[in-house]
Amino acid sequence: MAASPDFDTSAAHPARVYDYWLGGTDNFPADRELGDAMIRAIPSLPTMARANRSFMERVTRHLVEEGVTQFLDIGSGIPTSPNLHEIAQGIDPSVRVVYVDNDPLVAEQARAMLADVPGVGYVHGDLTEPESILADPLLAGTLDLSRPVALMVVGLLMYFPAELAPERWVATLLDALPAGSTLAISHPTADFDPEAVAVANAAANAAGIPLVSRTRDEFAALFGAATLLDPGAVPLAAWRPDTPPADPREVYYYAGLARKE
């Protein structure tokens, strides 16, 4: 794809590396170089990226079927069909969605794609500044914050080491939502193959992308005071799968869904 003057293509970017693993075209040589370096450490990374995307699809379907009609998707990434709003509105056309991301490429594509989609908006914001996200008039103009909202933080917190305490930013967002709101998180782990994950993380860090894995207990702590729902904090492939996996530990992620009481 052609580069926009608004962003730097000489350095790898998480959203574009992820797009590369998903087989997309919105990536550049630096993104592919890092993506390949990480694949050399973990050959199944593209499969894991698709599995993480599948979790987003499953949890979205589950929530809409449970009656949830509002979503706030943080770190939404480069639009990849089916997108969250397509899945949700395919079940219930009244569903409203706000996407949030800080990548100019994501903003460029999301705004173009969503221009004529009713009930869906895009906020250019950053998880590290949750108050700015909450103050954006598009958020209040799209979602009714007096009613439950599904807060989606899928494959994002891995870019923030423990010393930054990213759970506090998630808590700020969830605190602004009413009781009955939910929080979905997925996150890579080294629990299943420590050596390979360490090599992949080192490649990302060398390219200027902080990347961390978390243990199951560290992952569960990201939900804060929210109550984990069945089946709990589990290997991602084991979270309400359409087909039970032969070995859920083949995907080096945890996933979970919690409710604010």
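**Figure 1. Strand 6 and strand 8 pair in the antiparallel sense in this predicted model.** Strand 6 spans residues 227–228, and 2 bridges join it to strand 8. Within this pairing, Thr227 stands opposite Arg259 of strand 8. Strand 7, residues 234–235, also pairs with strand 8 in the antiparallel sense, again over 2 bridges. Here Val234 is the residue that stands opposite Ala255 of strand 8.

**Figure 2. Strand 5 and strand 8 run antiparallel.** The pairing of strand 5 (residues 182–188) with strand 8 comprises 7 bridges. Leu183 has Ala258 of strand 8 as its bridge partner. Is strand 8 mostly covered or mostly open? Of its 7 residues, 6 are buried, and strand 8 is therefore mostly covered. In a regular strand, side chains alternate between the two faces of the sheet.

**Figure 3. Helix 1 is largely enclosed by the rest of the structure.** The helix covers residues 14–21, and because 6 of these 8 residues are buried, helix 1 is described as largely enclosed. The buried residues are Ala15, Arg16, Val17, Tyr18, Asp19 and Trp21. Among the elements that cover them are helix 2 (29–41), helix 3 (45–65) and helix 5 (104–114). Gly23 follows helix 1 and has a positive phi, near 85 degrees. An α-helix has 3.6 residues a turn, so residues three or four places apart point the same way.

**Figure 4. Phe71 and Leu151 touch the most other members of the largest nonpolar core.** This core contains 88 residues. Helix 3 contributes the largest share, 9 residues. Leaving aside residues up to four places away in sequence, Leu151 touches Leu72, Ile74, Val170, Leu173, Leu174 and Leu177, and also Thr182, Leu183 and Ala184. Leu183, one of these contacts, is the residue whose bridge partner in strand 8 is Ala258.

**Figure 5. Leu63 of helix 3 is a buried residue.** Its relative accessible area is 3%, and Leu63 is therefore classed as buried, the cut-off being under 20%. Which residues does Leu63 touch, not counting residues up to four places away in sequence? They are Val68, Phe71, Ala150, Met152, Thr182 and Leu257. One of them, Phe71, is also one of the two residues that touch the most other members of the largest nonpolar core. Thr182 is touched by Leu63 and by Leu151. Leu63 and Ala220 are 157 residues apart in sequence, and their C-alpha atoms are 20 Å apart in space.

**Figure 6. The structure holds 1 cavity of 30 Å³ or more.** The largest cavity has a volume of about 260 Å³. Its lining comprises 22 residues, and those closest to its centre are Trp21, Met38, Leu45, Met158 and Leu211. Trp21 is one of the buried residues of helix 1. Helix 1, helix 2, helix 3 and helix 9 (194–206) each supply at least two residues of this lining. By class, the lining has 21 nonpolar residues, 1 polar residue and no charged residues.

**Figure 7. The largest pocket holds about 680 Å³ of space.** It is lined by 39 residues, with Gly75, Ser76, Gly77, Asp101 and Leu156 closest to its centre. At least two lining residues come from each of helix 1, helix 3, strand 1 (70–74), strand 2 (96–101) and helix 5. Which element gives the most to this lining? Helix 1 does, with 4 residues. The lining divides into 23 nonpolar, 11 polar and 5 charged residues.

**Figure 8. The second largest pocket holds about 220 Å³ of space.** Of the 15 residues that line it, Leu63, Glu66, Val68, Thr182 and Arg259 lie nearest its centre. Helix 3 and strand 8 are the elements that give two or more residues to this lining. The lining has 5 nonpolar, 5 polar and 5 charged residues. Several of the residues nearest the centre appear in earlier views. Leu63 touches both Val68 and Thr182, while Arg259 is the residue of strand 8 that Thr227 stands opposite.

Technical notes:
Residues numbered from 1 in each chain as written. Predicted model: local features only at pLDDT ≥ 70, side-chain atom pairs only at ≥ 80, totals over all residues. Heavy atoms only, no water. Buried < 20%, exposed > 50% of the residue type's maximum accessible area, 1.4 Å probe, protein only. Contact = heavy atoms within 4.5 Å. Core = buried A, V, L, I, M, F, W, Y, C linked by side-chain atoms within 4.5 Å. 1 Å grid on protein atoms, 1.4 Å probe; cavity = no way out; pocket = protein on both sides within 12 Å on 5 of 7 lines; lining within 4 Å. Points joined across faces, edges and corners; volume = space filled by probe spheres on them. Nonpolar A, V, L, I, M, F, W, Y, C, P; charged D, E, K, R; others polar. Pairing = 2+ DSSP bridges.
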